[in-house]
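This report describes one protein chain, going from single residues to the chain as a whole. Please keep the sequence and the model in view while reading.

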Amino acid sequence: YSIAIEPPQFPAVRGGEMPLRVKVTRAPGFDGPVEIACDYRPPGINSVPVIIPSGVTEGSLILSVSDETPEAAWPIAVVATDMPEYSDGQWGVGRQRVSSEIIEISVKAPLVWLTAPTASVRRGERLRYEWTVKQGTHVPGEAIVTLAGLPKGVTTVGPPQRLSASASTVAFELEASEEALLGSVQGIHCLIRLTVGNQEIRTRSGWATLRIDPARGKTP
């Protein structure tokens with residue numbers, strides 16, 4: 001068998017994740033599973049090995065790019081290992097490792113930087129929760145933005161928000177139920193997803209604090 005990397009259609013961004021598609025060309029008679037791993041990768045980029053099951057000819061490695069990865073073009077390669085059956089008291093006798101070609105991937109600045117001041121919402125009420133957007137790497141089209149880290153009893157109302165390359169703000173409507181946990185919650189942030197062709201870029205931005213107060217006329 002041999003493997004090949006499908007060149008990404010969009011750069012990897014700092015603080016984000018990018019799938020790296022790997023294709024397997026199987027020789028006649030070989031139908032076994034293959035483990036793929038990114039052993040040769042840029043600094044600050046990590047991935048978890050993935051097993052491509054028997055008979056399957058494609059898989060994806062998720063590259064996680066740290067905030068400190070230098071912005072540059074970097075060489076990268078994938079190594080695959082077949083997985084022979086356990087035999088003669090040993091595992092993996094006769095395993096073969098093959099490498100893809102080396103390609104370059106570009107690492108760019110984050111798609112956006114999102115910030116929000118500390119906000120508060122009362123139980124039984126709604127809040128328009130607005131975030132300021134600072135544009136980073138150019139977004140071809142619109143990205144989808146959702147909130148993460150919300151405490152129990154606090155939810156967003158309506159569909160995910162869309163973020164264009166010219167947006168300066170993005171706002172969510174929050175609703176706090178009567179069971180919402182009271183107090184301040186840190187780590188509220190935005191999940192951003194952008195699809196370019198058949199490639200999806202995922203990243204996180206912003207780390208804000210939200211306070212949940214008692215309903216009007218009530219004490220904790």
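## Arg95

Arg95 sits in the loop that runs between β8 (73–82) and β9 (97–99). The model is a predicted one, and in it Arg95 has a relative accessibility of 35%, so this residue counts as partly exposed. Setting aside residues up to four places away in sequence, Arg95 touches Thr81, Asp82, Met83 and Pro84.

How far apart in space are Arg95 and Trp131, C-alpha to C-alpha? The two are 52 Å apart, with their positions 36 residues apart in sequence.

## Ala116

Ala116 is another loop residue, placed between β11 and β12 (119–122). Is Ala116 buried or exposed? Its relative accessible area is 17%. The cut-off for buried is under 20%, so Ala116 is buried.

Apart from neighbours within four places in sequence, the residues in contact with Ala116 are Tyr129, Glu130, Trp131 and Ala208. Arg21 lies 95 residues from Ala116 along the chain, and 35 Å separates the C-alpha atoms of the two.

## Leu163

Leu163 belongs to strand β16, which covers residues 161–163. With a relative accessible area of 2%, Leu163 is buried.

Which residues does Leu163 contact, leaving aside its neighbours within four places in sequence? They are Val112, Val133, Gly141, Glu142, Ala143, Val145 and Val170. Gly197 is 34 residues from Leu163 in sequence, and their C-alpha atoms are 17 Å apart.

## Ile62

Ile62 is part of strand β7. Its relative accessible area is 30%, and Ile62 is therefore partly exposed.

When residues up to four places away in sequence are not counted, Ile62 touches Glu17, Met18, Pro19, Asn46, Ser47, Val48 and Arg202. One of these is Asn46; the C-alpha atoms of Ile62 and Asn46 are 8.3 Å apart, while 16 residues separate them along the chain.

## The nonpolar core

In soluble globular proteins, nonpolar side chains tend to be buried together. The largest nonpolar core of this model holds 55 residues. Which of its residues touch the most other members? These are Tyr129, Trp131 and Leu210. Strand β18, residues 183–196, gives the most to this core, namely 6 residues.

Two of these three core residues come up again in the section on Ala116: Tyr129 and Trp131 are among the contacts of Ala116.

## The largest pocket

The volume of the largest pocket is about 360 Å³. Its lining consists of 20 residues, and those closest to the centre of the pocket are Gly15, Gly16, Thr203, Arg204 and Ser205. Five elements, β3 (16–25), β7 (58–65), β11 (112–115), β18 and β19 (199–213), give two or more residues to this lining.

Which element gives the largest share of the pocket lining? It is β19, with 6 residues. By type, the lining divides into 8 nonpolar, 6 polar and 6 charged residues.

## The cavity

Rolling a probe the size of a water molecule over the atoms shows where empty space is left. How many cavities of 30 Å³ or more does a search of the whole structure find? The search finds 1. The largest cavity contains about 70 Å³ of space.

The residues that line the largest cavity are Glu6, Pro7, Pro8, Gln9, Pro19, Leu20, Arg21, Asn198 and Gln199. Strand β3 supplies the largest share of this lining, 3 residues. The lining is made up of 4 nonpolar, 3 polar and 2 charged residues. Pro19, one of the lining residues, is also among the residues touched by Ile62.

## The whole chain

The protein has 19 strands and 0 helices. Its radius of gyration is 23 Å, well over the 17 Å given by the globule rule for 220 residues, so the protein is more spread out than a compact globule. Along the principal axes, the C-alpha trace spans about 75 × 40 × 25 Å.

What percentage of the 220 residues counts as buried? The figure is 39%. As for contacts between residues at least 6 apart in sequence, 67% of them join residues at least 24 apart.

Definitions and conventions:
Residues are numbered from 1 along each chain as its sequence is written. This is a predicted model: local features need pLDDT of at least 70, side-chain atom pairs count only at pLDDT 80 or more; totals for chains, interfaces and linings use all residues. Side-chain values use heavy atoms; hydrogens and water are left out. A nonpolar core is a set of buried Ala, Val, Leu, Ile, Met, Phe, Trp, Tyr and Cys residues joined through side-chain atoms within 4.5 Å. Buried means under 20% relative accessible area, exposed over 50%, partly exposed in between (1.4 Å probe, protein chains only). Helices (H or I, at least four residues) and strands (E, at least two) are DSSP runs, numbered from the N terminus. On a 1 Å grid over the protein atoms alone, a cavity is a set of points where a 1.4 Å probe fits but cannot get out, and a pocket is an open set with protein on both sides within 12 Å along at least five of seven lines; lining residues have an atom within 4 Å of a point. Grid points are joined across faces, edges and corners, and a volume is the space filled by probe spheres set on the points. Ala, Val, Leu, Ile, Met, Phe, Trp, Tyr, Cys and Pro count as nonpolar, Asp, Glu, Lys and Arg as charged, and the others, Gly among them, as polar. The radius of gyration is taken over C-alpha atoms; the globule rule is 2.2 Å times the number of residues to the power 0.38. Contact means heavy atoms within 4.5 Å.
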